[in-house]
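Colleague: Could you walk me through the packing in this one? I'd like the reasoning along with the values.

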Amino acid sequence: MIIEKKIINKTLEIALTGRLDTVTAPDLESELTASIDGIEHLVMDFTKLEYISSAGLRVLLSAQKMMNEQGSMEVCHVNDSIREVFDITGFTDVLTIK
């Protein structure tokens, strides 16, 4: 998985390419932990994300909890297969998906 990060003012944009799974989820978690201080808005861009596993969902849930305390988070450009995972797991009720 490739993680591209951009910080503009107090907005952190993270674009993911590839698969967010058991192997790559710790990389995203580390990146978020290192970058989230002082951030008021987190944007997760899934334009090039092909797959998400339960490990990836756990990282998203953790990020959402952190951002609930300091601002907001949105997930954008979700493909149909990942949206289906969000629907089945109830994440559509937890995340802001655009």
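Modeller: Here is a short round of questions on the core, a helix pair and a few single residues.

Modeller: Two ground rules before you start: this is a predicted model, so to speak of local features we need pLDDT of at least 70, side-chain atom pairs count only at pLDDT 80 or more, and totals for chains, interfaces and linings use all residues. Residues are numbered from 1 along each chain as its sequence is written, and side-chain values use heavy atoms, with hydrogens and water left out.

Colleague: Which helix or strand supplies the largest share of the largest nonpolar core?

Modeller: A nonpolar core here is a set of buried Ala, Val, Leu, Ile, Met, Phe, Trp, Tyr and Cys residues joined through side-chain atoms within 4.5 Å, where buried means under 20% relative accessible area, exposed over 50% and partly exposed in between (1.4 Å probe, protein chains only). The largest one has 27 residues, and L42, M44, F46, M73 and F86 have the most contacts inside it. Strand 2 (11-20), helix 1 (25-35), strand 3 (41-52), helix 2 (54-70), strand 4 (72-76) and helix 3 (80-89) each supply at least two of its residues; helices (H or I, at least four residues) and strands (E, at least two) are DSSP runs numbered from the N terminus. The largest share, 6 residues, comes from helix 2.

Colleague: What does F46 contact beyond its sequence neighbours?

Modeller: Contact means heavy atoms within 4.5 Å, and F46 is one of the residues with the most contacts inside the core. Leaving out neighbours within four places in sequence, the partners of F46 are L16, L60, V75, C76, H77, V78, I82 and F86.

Colleague: Are helix 1 and helix 2 roughly parallel or roughly antiparallel?

Modeller: They pack at an angle of about 15 degrees, and their axes are 9 Å apart. Axes are lines fitted to C-alpha atoms, for helices over the stretch in contact, with angles from 0 to 180 degrees between N-to-C directions. Under 35 degrees counts as roughly parallel, over 145 as roughly antiparallel, 65 to 115 as roughly perpendicular and the rest as oblique. Helix 1 and helix 2 are therefore roughly parallel.

Colleague: Which residues of helix 2 make the contact with helix 1?

Modeller: On the helix 1 side, the contact uses A25, L28, E29 and L32. From helix 2 come A55, G56, R58, V59 and A63.

Colleague: Is G56 buried or exposed?

Modeller: G56 sits in helix 2 and touches L20 and A25, again leaving out residues up to four places away in sequence. Its C-alpha is 5.4 Å from that of D21, 35 residues apart in sequence. Because its relative accessibility is 0%, G56 counts as buried.

Colleague: How far apart are the C-alpha atoms of I14 and E4?

Modeller: I14 is in strand 2 and is buried, with a relative accessible area of 1%. Beyond four places in sequence, I14 touches I3, E4, L28, L32, L42, V43, M44 and D45. I14 and E4 are 10 residues apart along the chain, and the C-alpha separation is 5.6 Å.

Colleague: And S53, in the loop between strand 3 and helix 2: what is its relative accessibility?

Modeller: Not counting neighbours within four places in sequence, S53 is in contact with L20, D21 and T22. S53 counts as buried, because its relative accessibility is 9%.
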